[in-house]
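Trainee: I have a protein model open and would like to study one part of it closely. Could you pick a helix and walk me through it?

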Amino acid sequence: MKLLALRAAPAAVVLALGLAALMPAAAADQPRPPNSAALDKREIRAQLMPRRYATLAAEIGAKISRLPVVEGGRFRAGETLVVFDCSLQQAQLSKAKAAQAATEKVWTANQRLNELRSIGKVELDVSEAEVAKAKAEVAANGAVLSKCAVTAPYAGRIAEQKAREQQFVQPGQALLDIIDDSALELEFIVPSKWLVWLRAQHGFQVVIDETGKTYPAKVQRIGARIDPVSQSVKLTAAIDGKFGELMAGMSGKVLMAPPAGSPP
């Protein structure tokens, strides 16, 4: 028995040493959350974003008659972007207007009869209510007809057409992605300890990959919340000037560093 124990001891020691050697390697393989020091050393990347963007959707069920502005094209505020075939809605409005005219004639006649004491008050009130009902029908159909054209809420460009001419769409279906690229913004993150010296309107440079050029920019807004894991904060900046070659979606490297004497 003693002999077996002596022989087993070296094997146990070898196994323990092997496990000890493997443990650091396994620990090194575990993903670690980013920290402020890592963020300080790595390149700060930014992406150009449009100031405003939206997805325009259909408010009625109808067939698309025309899409006056092509994908990628520019448009002005208030310009028509989508036209629906609303012949049915137009007919319903005409029907509602005819019904309103008929009820108004009946009410007018009943008012005359009431002056002659030849009609009851209930019948007079009912005819007046019918006029109000007919007016509401006209207003409702007019509201539906006003949705037969989609206009631009602001000037910009068509980023993507999600529907085509002669296609029937349902209420709520996406039609167009639009962007306002009159002012492009940069979005990026920096170490939160930079807030000691970083303020709005702070100027810096950004190198855009797609053009290979350097552009001036200014910090516009500082994020309202700090990421506690990476100890970073989101910044929004604006390109300082007009540069026709810049487009939403481009990205680049932020050239920003703490001033002398500030925490790195």
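Mentor: Here is a look at one helix, followed by a few words on its surroundings.

This is a predicted model, so some limits apply: local features need pLDDT of at least 70, side-chain atom pairs count only at pLDDT 80 or more, and totals for chains, interfaces and linings use all residues. Residues are numbered from 1 along each chain as its sequence is written, and side-chain values use heavy atoms, with hydrogens and water left out.

Let's take helix α4, which covers residues 121–146 and has 26 residues. Helices here are DSSP runs of H or I with at least four residues, and strands are runs of E with at least two, numbered from the N terminus. From first C-alpha to last, α4 reaches 38 Å, close to the 38 Å expected at 1.5 Å a residue; the expected span is 1.5 Å times one less than the number of residues.

Now look at its buried residues: Leu 124, Ser 127, Val 131, Ala 134, Val 138 and Asn 141. Buried means under 20% relative accessible area, exposed over 50% and partly exposed in between, with a 1.4 Å probe and protein chains only. An α-helix has 3.6 residues a turn, so residues three or four places apart point the same way. The buried residues of α4 pack against α3 (87–115), where contact means heavy atoms within 4.5 Å.

For the wider setting, the protein has 4 helices and 12 strands. Buried residues make up 30% of its 264 residues. Of the contacts with a separation of 6 or more, 73% join residues 24 or more positions apart.
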